[in-house]
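Here is a quick walk through one protein chain, from the overall layout down to a few side chains. Have the model open and follow along.

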Amino acid sequence: MLSILALTIKKTITLFVLMGPVSMIPVFLAATEGFDLRSKGRFARTIGLSVTVALLVATFLGMPILGLLGVSLGAMQVGGGVIVLLLAIAMVLGKESTFKGSPSIANEDGVQEAAIVPLAVPLLAGPAAFSYVMGNSAWHTSADLIHVVVPILIVGIVCWITFYMACQAEKKIRQSTLDVIQRVGGFILAAMAIEMMATGLRGLFPMLAPA
């Protein structure tokens, strides 16, 4: 039981670091611009739920689906990196609403759509998180399901809490400060996107990997 607990803690910490919800706060604030506090709370909840469902689906169905479609993890990493890079450029230029394709609307349908793409997937539950949960999805007994499922549930809840707290703190921060945070977040996202695409390209073309 102790080994299962230790493995669960290890997987939870690793998954949290891979997803980096704290670094996504600027994206969250940009995506919820113009929303009232209640709508932002629903947005945060939807993010947590979307991330949890996406990772659970990847855990139990990811490898069979990729094999059926003939899609490699490398291709998924490159595709996800392109999407993240586009959002990063939009954030730096202050054009994130253009990237989303439609203005932010404070209704239930709009909140759910914005949370799933691109914030929940692929920015939070992206290729790195997907590949990790798919690579660690093996289980043989019901006890093994603890360290397979529980870390995903915990990280989903942490994402919800992180963005909910960001909702509460946003009204205490001046708009100019939020603009700076958004621009800096865009630069960080751009670096993450390039790294994501580079990893995917090395997987697709092994000759690019360092000797």
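A residue counts as buried when its relative accessible area is under 20%. Phenylalanine 28, at 0% relative accessibility, is therefore buried. Keep that residue in mind, as the aromatic section comes back to it. One caveat before going on: this is a predicted model.

**The overall layout**

The protein chain has nine helices and zero strands. Read from the N terminus, the order is simply α-α-α-α-α-α-α-α-α. The chain has 211 residues, and 41% of them count as buried. Its exposed surface comes to about 11100 Å², with carbon and sulfur atoms supplying 72% of that area. Take the contacts between residues at least 6 apart in sequence: 86% of them join residues at least 24 apart.

**Aromatic rings**

How many aromatic pairs does a search of the whole structure find? The search turns up three. Two of them are set out here.

| Pair | Centre to centre | Angle between planes | Type |
|---|---|---|---|
| Phenylalanine 28 and phenylalanine 163 | 4.9 Å | 25 degrees | stacked |
| Phenylalanine 35 and phenylalanine 43 | 6.2 Å | 85 degrees | edge-to-face |

Why does the pair of phenylalanine 28 and phenylalanine 163 count as stacked? Planes under 30 degrees apart count as stacked, and these two rings have their planes at 25 degrees, so the pair fits. Phenylalanine 28 sits in helix α2 (residues 25-31) and phenylalanine 163 in helix α8 (residues 144-170), so the pair ties together parts that are 135 residues apart in sequence. Like its partner, phenylalanine 163 is buried, at 0% relative accessibility. Phenylalanine 35 and phenylalanine 43 are both buried too. Ring pairs link Phe28, Phe35, Phe43 and Phe163 into a cluster.

**Along helix α8**

Helix α8 has more to show than its ring. With 27 residues, α8 reaches 40 Å from its first C-alpha to its last, close to the 39 Å expected at 1.5 Å a residue. There is a bend along the way, though: α8 has a kink of about 25 degrees at valine 150, shortly before proline 151.

**Threonine 59 in α3**

Helix α3 (residues 37-69) is home to threonine 59. Is threonine 59 buried or exposed? At 7% relative accessibility, threonine 59 counts as buried. Leaving out residues up to four places away in sequence, threonine 59 touches Val133, Ser137, Val148 and Ile152.

**Helix α4 and what follows**

Helix α4 (residues 73-93) has 21 residues, which should span 30 Å at 1.5 Å a residue, and its end C-alpha atoms are indeed 30 Å apart. The buried residues of α4 include the glycines Gly74, Gly80 and Gly81, along with Gln77, Val78 and Val84. Further along, Leu87, Ala88, Ala90 and Met91 are buried as well. An α-helix has 3.6 residues a turn, so residues three or four places apart point the same way. Just after α4, glycine 94 takes a positive phi of about 75 degrees.

**A salt bridge**

Side chains of opposite charge can pair when their charged atoms come close. A search of the whole structure finds one salt bridge. Which side chains meet in the salt bridge? They are those of arginine 202 and glutamate 195, at 3.9 Å from N to O. Arginine 202 is partly exposed, with a relative accessible area of 33%, and glutamate 195 is also partly exposed, at 48% relative accessibility.

Technical notes
Residues numbered from 1 in each chain as written. Predicted model: local features only at pLDDT ≥ 70, side-chain atom pairs only at ≥ 80, totals over all residues. Heavy atoms only, no water. Helix = DSSP H or I, 4+ residues; strand = E, 2+ residues; numbered from the N terminus. Buried < 20%, exposed > 50% of the residue type's maximum accessible area, 1.4 Å probe, protein only. Contact = heavy atoms within 4.5 Å. Areas by Shrake-Rupley, 256 points an atom, 1.4 Å probe, with all protein chains shown as cover. Phe/Tyr/Trp six-rings, centres within 6.5 Å; stacked < 30°, edge-to-face > 60°. Salt bridge = Lys/Arg side-chain N within 4 Å of Asp/Glu carboxyl O. Expected span 1.5 Å × (residues − 1). Bend = angle between axes of the 7 residues up to and from the residue.
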